[in-house]
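Student: I have a protein model to go through. Can we take it step by step?
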Amino acid sequence: MTEAPSSEKKPNGAHKPATPVFRPGSAAAGLKPAEIKPLLTSEQSSIEPVAQGLDLADRPKIILTAGRGKTGKTTFLRWIVEMAQRDGKAPLLADIDPT
């Protein structure tokens, strides 16, 4: 019995299919052109833009961080807490990491 060179044999005898190679424009990629739609209709885009953004200066905020390790999330959150404490506010912190 001969095996195809593109498959790997697992210890239990099962075969793992080879990972396909995806290159832009290849048939394996199966890419379709993106459909671009405007966010506003032509009627909405003729409306005057809002002069001032939403003011959240004195409102409570929820700040979440997520991502890989060693990217500055803890440093950023510590800075946020220190700035809030400097301004006389009492931030509420929670860690939702299950580990």
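Student: Where is Lys70 found?
Tutor: Keep in mind that this is a predicted model. Look at Lys70 relative to the helices H1 and H2. Lys70 sits in the loop between H1 and H2.

Student: Is Lys70 buried or exposed?
Tutor: Compare its relative accessibility with the cut-off. Exposed means over 50%. Lys70 has 88% relative accessibility, so Lys70 counts as exposed.

Student: What is the phi of Lys70?
Tutor: Lys70 is not a glycine. Even so, its phi is positive. The value is about 60°.

Student: Which pattern does the protein follow along the sequence?
Tutor: Begin with the elements: the protein has two helices and two strands. Then read them in order along the sequence. The pattern is β-β-α-α.

Student: How many salt bridges are there?
Tutor: Take them by their side chains. Glu82 and Arg78 meet in one, at 2.8 Å from N to O. Arg86 and Asp87 meet in another, at 3.5 Å from N to O. The count comes to two.

Student: How many residues apart are Glu82 and Arg78?
Tutor: Both lie in helix H2, which covers residues 73-86. Their spacing is about one turn of that helix. Glu82 and Arg78 are apart by four residues.

Student: Is Arg78 buried or exposed?
Tutor: Its partner Glu82 has 35% relative accessibility, so Glu82 counts as partly exposed. For Arg78 the value is 57%. The cut-off for the upper class is over 50%. Therefore Arg78 counts as exposed.

Student: What about the other salt bridge: how does Asp87 count at 46% relative accessibility?
Tutor: Arg86, its partner, is exposed because its relative accessible area is 60%. Asp87 has 46%. Partly exposed covers values between under 20% and over 50%. So Asp87 counts as partly exposed.

Student: Which residues form a nonpolar patch on the surface?
Tutor: Look for nonpolar side chains on the surface. Together the members of this patch have about 300 Å² of accessible area. They are Ile63, Phe76 and Trp79.

Student: Where is Ile63 found?
Tutor: Ile63 has 40% relative accessibility, so Ile63 counts as partly exposed. To place Ile63, find helix H1, residues 42-45, and then H2. Ile63 is in the loop between H1 and H2.

Student: Which residues lie nearest the centre of the largest pocket?
Tutor: The largest pocket has a volume of about 1,200 Å³. Its lining counts 32 residues. Those nearest the centre are Ile63, Leu77, Ile80, Leu92 and Leu93.

Student: How many residues of the lining of the largest pocket are nonpolar?
Tutor: Sort the lining into classes. Four residues are polar and 10 are charged. The nonpolar residues number 18.

Student: How far apart in space are Leu93 and Ile62?
Tutor: Leu93 is in the segment after H2. Its relative accessibility is 62%, so Leu93 counts as exposed. In sequence, Leu93 and Ile62 are 31 residues apart. In space, C-alpha to C-alpha, the distance is 9.7 Å.

Student: Is Val81 buried or exposed?
Tutor: Val81 is found in helix H2. Its relative accessible area is 15%. Under 20% is the cut-off for the lowest class, so Val81 is buried.

Student: How far apart in space are Val81 and Pro91?
Tutor: In sequence they are 10 residues apart. Take the distance in space from C-alpha to C-alpha. For Val81 and Pro91 it is 6.4 Å.

Student: What share of the residues in the protein is buried?
Tutor: The protein has 99 residues. Its accessible surface comes to about 10,300 Å², and 58% of that belongs to carbon and sulfur atoms. Buried residues make up 3%.

Technical notes
Residues are numbered from 1 along each chain as its sequence is written. This is a predicted model: local features need pLDDT of at least 70, side-chain atom pairs count only at pLDDT 80 or more; totals for chains, interfaces and linings use all residues. Side-chain values use heavy atoms; hydrogens and water are left out. On a 1 Å grid over the protein atoms alone, a cavity is a set of points where a 1.4 Å probe fits but cannot get out, and a pocket is an open set with protein on both sides within 12 Å along at least five of seven lines; lining residues have an atom within 4 Å of a point. Grid points are joined across faces, edges and corners, and a volume is the space filled by probe spheres set on the points. Ala, Val, Leu, Ile, Met, Phe, Trp, Tyr, Cys and Pro count as nonpolar, Asp, Glu, Lys and Arg as charged, and the others, Gly among them, as polar. A salt bridge is a side-chain nitrogen of Lys or Arg within 4 Å of a carboxyl oxygen of Asp or Glu. Buried means under 20% relative accessible area, exposed over 50%, partly exposed in between (1.4 Å probe, protein chains only). Patches are made of residues with over 30% relative accessible area and no salt bridge: like charges are joined within 9 Å, nonpolar side chains (Val, Leu, Ile, Met, Phe, Trp, Tyr) within 5 Å. Accessible areas come from the Shrake-Rupley method with a 1.4 Å probe; for residues, only the protein chains shown count as cover.
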